[in-house]
Amino acid sequence: MILYGVHAVRAALSARRRKLLTLYATDAALIQIASGLIALAAWFFFADCLQVVAAQALRSGGVVWLPTASHFLAYVLVMPPAAYGLAITLGRGVSGLVEAIILASVVSAVILVGVLAWAARARWTSLTPADP
């Protein structure tokens, strides 16, 4: 079900991406490169939405430093080396940079959703009556 959402975003962006890009650039080569990047960037939305919602849910529950630490880990410690490795070392160029952003968002989302699920389970367990 979730993948249908990602594919819907990709389809919506794909159908209009060239027209959208002509608002920003006239160079055909640049439009061609950016067109492919827009399709790749659609995968970013899913992980980014997950990590933002999980971070805000944790903050609303009083856990304020863990989302900050997760974002620091993902976007400062994981993303730059991944970007260098993918873009420069593996020669993927700009696509490697977008992939590094996606990877960092996935790392952050996994950490935050995992902690949120753990906290929710702990809270649920504490709310259930004990066996006599």
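# Group meeting: a four-helix chain

Let's start inside helix α4, residues 94–127, because that is where Ser105 is found. One reminder before we go on: this is a predicted model. Is Ser105 buried or exposed? Buried, with a relative accessible area of 0%. Now its contacts. Setting aside residues up to four places away in sequence, Ser105 touches Phe44, Ala47, Asp48, Gln51 and Tyr75. Keep Asp48, Gln51 and Tyr75 in mind. They come back shortly.

Step back to the whole chain. There are 4 helices and 0 strands. From the N terminus, the order reads α-α-α-α. The chain has 132 residues, and buried ones make up 25% of them. Take the contacts with a separation of 6 or more. Of these, 65% are between residues 24 or more positions apart. The accessible surface comes to about 8800 Å². Carbon and sulfur atoms hold 73% of that surface.

Next, a helix pair. Two packed helices are described by the angle between their axes and the distance between the axes. Here the pair is α2, residues 28–60, and α3. Their axes come within 9 Å. They cross at roughly 150 degrees. The cut-off for roughly antiparallel is over 145 degrees. So α2 and α3 are roughly antiparallel to each other.

Which residues meet across this pair? From α2, they are Asp48, Gln51, Ala55, Leu58 and Arg59. From α3, they are Leu66, Pro67, Thr68, His71 and Tyr75. Here are the names I asked you to keep. Asp48, Gln51 and Tyr75 take part in this α2–α3 meeting, and Ser105 of α4 touches these three residues too.

Stay with α2 for one more residue. Arg59 lies in this helix. Arg59 is partly exposed, at 27% relative accessible area. What does Arg59 contact, leaving aside its neighbours within four places in sequence? Val64, Pro67, Thr68 and His71. Pro67, Thr68 and His71 are also on the α3 list I just gave.

Now move along α3, residues 65–89. Ala87 is found in this helix. Ala87 counts as buried, at 11% relative accessibility. Leu97 is 10 residues away from Ala87 along the chain. Their C-alpha atoms are separated by 5.8 Å. Again without residues up to four places away, Ala87 touches Arg92, Gly93, Gly96 and Leu97.

Arg92 leads us to the next point. How many salt bridges does the structure hold? The count is 1. Glu99 forms it with Arg92. The closest N and O atoms are 2.4 Å apart. The two partners differ in cover. Glu99 is buried, with a relative accessible area of 18%. The cut-off for buried is under 20%. Arg92 counts as partly exposed, at 41%. So Arg92 has two roles in this talk: it touches Ala87, and it pairs with Glu99.

Last stop, the surface. Phe72, Leu73, Val76 and Leu77 form a nonpolar patch there. Together they have about 340 Å² of accessible area. Phe72 has its place in helix α3. Is Phe72 buried or partly exposed? Partly exposed, at 46% relative accessibility.

To recap, briefly. Ser105 is buried at 0%. Helices α2 and α3 run roughly antiparallel. Glu99 and Arg92 form a salt bridge. And Phe72 belongs to a nonpolar patch on the surface. Happy to take questions.

Key:
Residues numbered from 1 in each chain as written. Predicted model: local features only at pLDDT ≥ 70, side-chain atom pairs only at ≥ 80, totals over all residues. Heavy atoms only, no water. Patch = residues over 30% accessible without salt bridge, like charges linked within 9 Å, V, L, I, M, F, W, Y side chains within 5 Å. Areas by Shrake-Rupley, 256 points an atom, 1.4 Å probe, with all protein chains shown as cover. Salt bridge = Lys/Arg side-chain N within 4 Å of Asp/Glu carboxyl O. Helix = DSSP H or I, 4+ residues; strand = E, 2+ residues; numbered from the N terminus. Buried < 20%, exposed > 50% of the residue type's maximum accessible area, 1.4 Å probe, protein only. Contact = heavy atoms within 4.5 Å. Axes fitted to C-alpha atoms, helices over the stretch in contact; angles between N-to-C directions. Parallel < 35°, antiparallel > 145°, perpendicular 65-115°, else oblique.
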